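Reader: Hey, got a few minutes to go through this one with me? I'd like to start with how the strands pair up.

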Amino acid sequence: MKTHAQAVVIGGGLVGCSILYHLAKLGWTDVVLLERDELTSGSTWHAAANIHGLHDNNNISKIQYYTMKLYKELEAETGQGCGVFQPGSLYLAQTEAREHQLRLQEAKARYFKADFHNISRDEAERLHPLVDFDGIRCIMYEPDGGNVDPSGVTQAYAAGARKMGAEIHRFTPVTATIQQPDGSWIVETPKGSIHTGWVVNAAGLWAREVARMAGIELPLQPTEHQYFVTETIAEIDAMDRRLPSVADRDGEYYLRQEGKGLLIGAYERDMRFWAEDGTPLDFAHDLFPDDLERIEENMMRAISRVPAVGTAGIKRVINGPMIWSPDSAALYGPVPELRNYFCCTGIIPGFSQSGGLGLMSAQWIVEGEPQYDMFAWDLARFGDWADKAFTKARVQDQYANRFKIHFPYEERTAGRPVRTRPAFALQKDMGAVFGLNYCWEHPLWFAPKGVEPQETYGFTRQPWFDHVGAEAKALRDGVGVIDISNFAKYEIKGEGAGDWLDRVIANRVPSQIGRSCLTPLIGKRGGIAGDFTVTKLGEDHFFMVGSGMAERYHQRYFNEVARPETVSFKSLTVDLCGVNVAGPLARNLLSRLTQENLSTASFPFMRSRRISVAGVEAIAIRVSFTGDLGWELYVAQSDQVKLYTALLKGGEDLGVCPVGSRALLSLRVEKGYGSWGREYSPEYWPQEVGLDRLIKMDKPDFLGKAAYAALADRAPREKLVTIEIEADIADASGGEPIFLPDGTPVGRVSSGAYGYSVGKSLAIGFIKTAHAAAGTAVSVAILGRDYKGTILAEPPFDPRGERLRS
């Protein structure tokens, strides 16, 4: 075994072997994989191994299509069979909501130029004569759906990696990972140690144990999962072709052909955790005792849909472990608190995603950043608040509701609340309905008196639609108070603070006390890694506000710029709460509670100062994400209730209204304002989203400067535009494809909402530059159906920003 390597991958399952293969494919051939037992031990070997292309997240769809295509290429490249069967998949909708979901998937398939289309019952019966389609509203067919051989795929990745020079050592458990002062690692095994630049934790069921060797805790929890295979079914035995799989998610089971019988699996409500205190080190190709009674209800629904299942004997039962994250998505990416430590674990539909995950992981390690925005899977979406109790509660909910539709804006309640602010109880008494942002509870909307503060979900407009509208209109007509405590807040202080911050952000750090600026953060490929408001509070003293959900994510970038010992960098997100007072009467309200002169001449737009409001000391910044006249006020957490109460009481005669984040979404969309994670991400160039004007290339070196310089003169591939849509019962929410009237796909929605103060259904989205001119007619696939839209020349609300600066 070699003593040095560019990277050591820990875990010889499907994903570990894929990462090894893709590292070698990108030129890192001096890499090693260490497996404690045999390849495929753990979860890989017993997986049902189904494959499909489409996903609710567009980028995950891209990597799933890449994965499906890769398997056949692997077979040709390595000579190792992957056992690829692609007889197609049938997707069934029993409810209107499921039909909406499938029709949206069909529209996305048109965008991706993939084959996923509606078929008649007659055609479905021809494809799968064993299925009873009574009660089915809609049937979609994906010709490329199917399954693969778990062992074959894993061995193909391994063979391809070995062929390029990578080493694989089986029966070589890792006993320690020790970080060195230069950021490299020593990986210890009973067979010797390896000094490596990168550690990759792809240990699957043992990812928690491997992570603890490096001093970190991963929010993961294994469960049991069962499926069974029937004996030979005569009708299948008589066929000369393979039957398509069946995705009857309303029935809460999955079904496909296996040999001459059927494989049926279920995610039952009566689920079972496993290995809560740690995965046994001697577990390998092991299974649990059968417990089919737990999935009996699911089985009965499968039998009702496919009666042949009820008369077939059971050939074997597989009850094996799976390991889950709190939202059932992968935990993927470099650990922000460590140098050169990468995780890729917690993957559920691994055989649909293994190739894409391997490629994105290798790109991140070798090139510094993946080509797609993968924040939905980034392990930085969880912080240390994702403890064992939270993880178990969320995993239980995810498992038991595996096939439940994820509706737009859905906020599940399992494991909550975890992080609350002092005003939480007060806001709850006021009728607030809460959502999560980096696990902080924050108001989504407020139920008026007499209305139950109950959240509902669906693809069409929900009962809260009018209540959110009332909040938005109250702010636009008068004044609103928005809790923005969930924003990430940082203090940079000490001799040289301005110089250090200037090397992090792309805009110039404000040079005068009381000045603020908006600035992007540039990623490794020249895209938008973040957007911040930076305020100079004093000499060598700065205050920075950014996206709350990206706080841990942004640590990676802050840590890349060496910080002098004289400069302190501190997160104030826990210590400070924030409120945005906005609307045409915002000045009137605040003037009642402070002695400060708030006139435009004295306190212009993008200026700041420390002021006292209702006896509470606050950092006041004249800026508002609503696009209206407003101030952001940041105060000590202990003063939140006092300030919040004073603002609402002091503005009663002005019609002051508490405003939640749903209304804020509507208000920002009316202004065409982008938001990190939707319009701003490392995938998008600054000139595509209108932030290039904030990049100062005449500054000395700053993070991402060279990467941006390489693309600064390139024409935008797409343009961020605002679209007015002729929609009536539903609005765009994000991810919907955009077409020209002739059906040509030209873009996708990034954010959508009804603009209450302008009376229009609106969307912000990316359009191919050649088609992004104002006045261009488009169609937006809401509910999977084409709705007419028009690209606007300017935001529909206050396009010249007169209210913002008044």
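Author: Sure. One term to begin with: two strands pair if DSSP finds at least two bridges between them. Also, this is a predicted model. With that in hand, take Val200, whose bridge partner in β18 is Phe342.

Reader: ok, so how many bridges join β11 to β18, and do they run parallel or antiparallel?

Author: Three bridges join them, and the two strands run parallel.

Reader: and in what sense does β17 pair with β18?

Author: Antiparallel: β17, residues 331–334, pairs with β18 over four bridges. In that pairing, Gly333 has Cys343 of β18 as its bridge partner.

Reader: what sits between those strands in the hairpin of β17 and β18?

Author: Six residues lie between the strands, and in this hairpin Asn340 takes a positive phi near 60°.

Reader: why is β18 called largely enclosed?

Author: Buried here means under 20% relative accessible area. Five of the five residues of β18 are buried, so the rest of the structure largely encloses this strand.

Reader: which way do its side chains go? Which residues point one way from β18 and which the other?

Author: Tyr341, Cys343 and Thr345 point one way, Phe342 and Cys344 point the other way, and all of them are buried. In a regular strand, side chains alternate between the two faces of the sheet.

Reader: nice. Switching to β25: how many of its residues are buried?

Author: Six of the six, so β25, residues 541–546, is largely enclosed by the rest of the structure. His541, Phe543 and Val545 point one way, whereas Phe542, Met544 and Gly546 point the other way.

Reader: which residues stand opposite Phe543 there?

Author: Glu491 has Phe543 as its bridge partner in β25, and Thr535 stands opposite Phe543 too. On the strand level, β22 (residues 488–493) pairs with β25 in the antiparallel sense over six bridges. β24 (residues 528–538) also pairs with β25 in the antiparallel sense, over five bridges.

Reader: what about the hairpin of β24 and β25, which residue takes a positive phi?

Author: Asp540, with phi near 55°; this hairpin has two residues between the strands.

Reader: any other odd backbone spots? Where's the cis peptide bond?

Author: The cis peptide bond joins Arg416 and Pro417, with omega about -5°. Pro417 lies in the loop between α11 and α12.

Reader: and Cys439, what's phi there?

Author: Near 75°, a positive value in a residue other than glycine. Cys439 is in the loop between β19 and β20, and at 3% relative accessibility Cys439 counts as buried.

Reader: what about Asp798, buried or exposed?

Author: Buried, at 12% relative accessibility. Asp798 is in the loop between β37 and α21 and has a positive phi of about 40°, although it is not a glycine.

Reader: right, pockets. How much space lies in the second largest pocket?

Author: About 810 Å³. The lining has 40 residues, with Phe382, Gly383, Asp384, Trp385 and Arg552 nearest the centre of the pocket. The elements giving two or more residues to the lining are α6, α11, α15 and β26.

Reader: which of them gives the largest share of the lining?

Author: α15, with five residues. Seven of the 10 residues in α15 are buried, among them Arg552, Tyr553 and Phe558.

Reader: how does the lining divide into nonpolar, polar and charged?

Author: There are 17 nonpolar, eight polar and 15 charged residues in the lining of the second largest pocket.

Reader: last topic, the largest nonpolar core. Which residues touch the most other members?

Author: Leu23, Tyr157, Tyr332 and Trp377, out of 48 residues in that core. Elements that each supply at least two residues of this core include β1, α1, α10 and β18.

Reader: what does Leu23 touch?

Author: Leaving out residues up to four places away in sequence, Leu23 touches Ala7, Val9, Trp28, Val31, Ala362, Ile365 and Val366.

Reader: and how many residues are in the second core?

Author: That separate core has 40 residues, including Phe375, Ala506, Tyr684 and Leu703. In soluble globular proteins, nonpolar side chains tend to be buried together.

Notes. Residues numbered from 1 in each chain as written. Predicted model: local features only at pLDDT ≥ 70, side-chain atom pairs only at ≥ 80, totals over all residues. Heavy atoms only, no water. 1 Å grid on protein atoms, 1.4 Å probe; cavity = no way out; pocket = protein on both sides within 12 Å on 5 of 7 lines; lining within 4 Å. Points joined across faces, edges and corners; volume = space filled by probe spheres on them. Nonpolar A, V, L, I, M, F, W, Y, C, P; charged D, E, K, R; others polar. Buried < 20%, exposed > 50% of the residue type's maximum accessible area, 1.4 Å probe, protein only. Core = buried A, V, L, I, M, F, W, Y, C linked by side-chain atoms within 4.5 Å. Contact = heavy atoms within 4.5 Å.
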